[in-house]
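Me: Please take one part of this model and look at it closely with me. I am new to this, so explain each term as you go.

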Amino acid sequence: MHECVRASGAFTPSVPVNTDFKRHTPLMHPSAKFYTLVATATISVMFPALIWVAPMVQSMTAIPAIGSTIAGILSSIGIYRLIGKSAETLIHRIVWLRKWIFGGTYIHGTWVGYFIGRAGDKRFLVEHIDQDLDGIVINGQSRTATLEPHADWTSVSVSVDSRTARLIFSYTLTILSRPGTLVGINASQLERPSHRQAATGITGHAQDLGDQLRVQVKELKVSEDLLPWDQAFKLAHKHFP
């Protein structure tokens with residue numbers, strides 16, 4: 001970015017209102033999709049279990065109805081938590097499951113790209129996008145054409161819209177050649193096959209607050225994992241020579 005790195009201009013893109021309700025169905029939020037999956041799995045396990053266990057509990061307690069109810073509630077809570085923890089672990093380990101949960105908002109992984117700085121110099125960039133059910137954190141670095149360190153940044157807040165394919169985030173930025181810390185905003189467009197599929201590219205603009213210069217940023221995804229910085233910058237140099 002203009003000797004800065006990704007930021008979205010302090011602008012909000014206009015989005016046309018879509019009145020074709022027949023063509024588009026509402027998209028479920030990733031966390032809602034996850035907890036619906038966990039609840040469904042819990043019910044599937046608990047229903048047959050209660051049918052089998054309830055008679056045994058009633059025969060062992062002096063207050064059959066209360067005992068059966070308490071046992072059912074405690075068992076449901078325990079199984080729900082167990083399934084929830086197991087599902088979270090699976091989401092972190094199984095890429096296709098994570099993609100299914102997040103759908104068109106899935107951007108976890110290592111992204112590489114470049115931008116042209118204020119003086120016309122080419123800067124390579126790498127971003128680690130860490131995405132889970134708690135949110136998204138973006139950590140990035142930029143380097144010179146000879147891969148010398150230039151700047152680094154961290155997101156403050158991140159928003160991804162599945163329908164419009166807009167990625168917007170604010171960040172704090174440190175440029176090695178300047179004192180202090182800068183603040184900026186990034187507004188980007190996800191490049192993806194459809195609104196239900198994960199993005200493979202990002203194109204957008206970066207702008208530091210208080211600065212009139214907007215810098216165009218181009219990125220592509222090179223890994224589902226968060227690669228070591230040096231390895232990722234070699235890929236950036238390879239893809240954007």
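Reply: Let's begin with Lys234 and Lys238, which are exposed on one side of helix 4, where exposed means over 50% relative accessible area, buried means under 20%, and partly exposed lies in between (1.4 Å probe, protein chains only). On the other side of this helix, residues 229-239, the buried residues are Ala232, Phe233 and Ala236. Seen down the helix axis, these buried residues fall within an arc of 100°, so they line one face of helix 4; the arc is that of the directions from the helix axis to the C-beta atoms. Helices (H or I, at least four residues) and strands (E, at least two) are DSSP runs, numbered from the N terminus.

A word on what you are looking at. This is a predicted model, in which local features need pLDDT of at least 70 and side-chain atom pairs count only at pLDDT 80 or more, while totals for chains, interfaces and linings use all residues. Residues are numbered from 1 along each chain as its sequence is written, and side-chain values use heavy atoms, with hydrogens and water left out. The chain averages a pLDDT of 79, and 66% of the residues score at least 70; pLDDT is the predictor's confidence in each residue, from 0 to 100. Over residues 2-26, pLDDT stays under 50.

What lies over the buried face? The cover of the buried residues of helix 4 includes strand 1 (109-116), strand 2 (122-132) and strand 3 (135-143).

Strand 1 also holds Thr110, which counts as buried because its relative accessibility is 0%. Among the residues that Thr110 touches is Ala232, along with Val126, His128 and Leu220; a contact means heavy atoms within 4.5 Å. The Thr110 side chain also reaches the backbone oxygen of Asp225 at 2.5 Å and the backbone nitrogen of Leu227 at 2.8 Å. These are polar contacts, pairs of N or O atoms within 3.5 Å; within protein, one must be able to donate a hydrogen and the other to accept it, and residues adjacent in sequence count only if both atoms are side-chain atoms.

Now for the cores. Ile107, Leu167 and Leu190 touch the most other members of the largest nonpolar core, which has 22 residues; such a core is a set of buried Ala, Val, Leu, Ile, Met, Phe, Trp, Tyr and Cys residues joined through side-chain atoms within 4.5 Å. Strand 1, strand 2 and strand 3 are among the elements that give two or more residues to this core, and strand 5 gives the most, with five. Helix 4 appears elsewhere: a second, separate core of eight residues includes Ala232 and Ala236, together with Val112 and Phe240.

Strand 5 is worth a glance too. Seven of its ten residues are buried, so strand 5 is largely enclosed by the rest of the structure. Strand 4 and strand 5 pair in the antiparallel sense over ten bridges, and two strands pair if DSSP finds at least two bridges between them. Eight bridges join strand 5 to strand 6, also antiparallel.

Stepping back, the chain has four helices and eight strands, in the order α-α-α-β-β-β-β-β-β-β-β-α.

Key. Lists of a residue's contacts leave out its neighbours within four places in sequence.
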